[in-house]
Amino acid sequence: MTFSQIVISTNVFLALASHVALVIFFVGYWLRVPVILSLKDFLGRHMLGLALLVSLAGLGGSLFFSEVLGYEPCVLCWIGRIMLYPQILIIALAMYFKDRGAAKYLVGLSVLGGFVSLYHSYTQLGGRSFTPCTAEGGTCSILYIVEYGYITIPTMALTAFILILFFVWCGRNN
């Protein structure tokens, strides 16, 4: 297995593990499982650090895919990057100044980026496109990665945005 295959497999595994963990968490939260409630408090206390890790992983993954593997980012990928990359600076400054109020900016960027990633995933997996970047042609249509029938690069980006929103949600009362 090459280094590139290891990186791709790791990204896919982390996306899948995140999906499973989020489902388990929200079922446990809905059922009021004490360990899940304690976990929410822990995640909330470390909201900014965890969101920073996710955004740095998104930065590293996107740059690895485009600059190392040569996967050409499409217009929708660039819009997603525009929504993700500034979050690193926002989170770093918020951590430095101990400003948890910066979370509202993360929400705005993550919601917008999440919608773009969701739409991009939808078109890549066969949905009808409403933009010039279509599933019938152009770089948006190229499926560089498809694992488990649904995990693509836009799905991994969507996962990052959802995780950032999740950590902000966990920290809203801490």
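A crossing of two helices is called left-handed if the near helix is turned anticlockwise from the far one by less than a right angle. Keep that in mind while looking at this predicted model, where the crossing of α3 and α6 is left-handed. The crossing of α5 and α6 is left-handed too.

Here is how the two pairs are laid out.

| Helix pair | Packing angle | Axis separation |
|---|---|---|
| α3 (residues 47–68) and α6 | about 170° | 8 Å |
| α5 (residues 103–124) and α6 (residues 153–170) | about 155° | 8 Å |

Angles over 145 degrees count as roughly antiparallel, so α3 is roughly antiparallel to α6. By that cut-off, α5 is also roughly antiparallel to α6.

Let's start with the α3 side. From α3, the residues Met-47, Leu-50, Ala-51, Val-54, Ser-55 and Phe-65 come up against α6. What they meet there is Ile-153, Met-156, Ala-160, Leu-163, Ile-164, Phe-167 and Val-168. Sorted by class, this contact has twelve nonpolar residues, one polar and no charged.

Now for the α5 side. The contact of α5 with α6 has 13 nonpolar and eight polar residues, and again no charged ones.

One residue of α5 to pick out is Ser-110. Is Ser-110 buried or exposed? Its relative accessible area is 0%, so Ser-110 is buried. Setting aside neighbours within four places in sequence, Ser-110 touches Gln-87, Phe-161, Ile-164 and Leu-165. Ile-164 may ring a bell: that residue of α6 is also among those met by α3.

Key. Residues are numbered from 1 along each chain as its sequence is written. This is a predicted model: local features need pLDDT of at least 70, side-chain atom pairs count only at pLDDT 80 or more; totals for chains, interfaces and linings use all residues. Side-chain values use heavy atoms; hydrogens and water are left out. Axes are lines fitted to C-alpha atoms, for helices over the stretch in contact, and angles run from 0 to 180 degrees between N-to-C directions. Helices (H or I, at least four residues) and strands (E, at least two) are DSSP runs, numbered from the N terminus. Angles under 35 degrees count as roughly parallel, over 145 as roughly antiparallel, 65 to 115 as roughly perpendicular and the rest as oblique. Ala, Val, Leu, Ile, Met, Phe, Trp, Tyr, Cys and Pro count as nonpolar, Asp, Glu, Lys and Arg as charged, and the others, Gly among them, as polar. Buried means under 20% relative accessible area, exposed over 50%, partly exposed in between (1.4 Å probe, protein chains only). Contact means heavy atoms within 4.5 Å.
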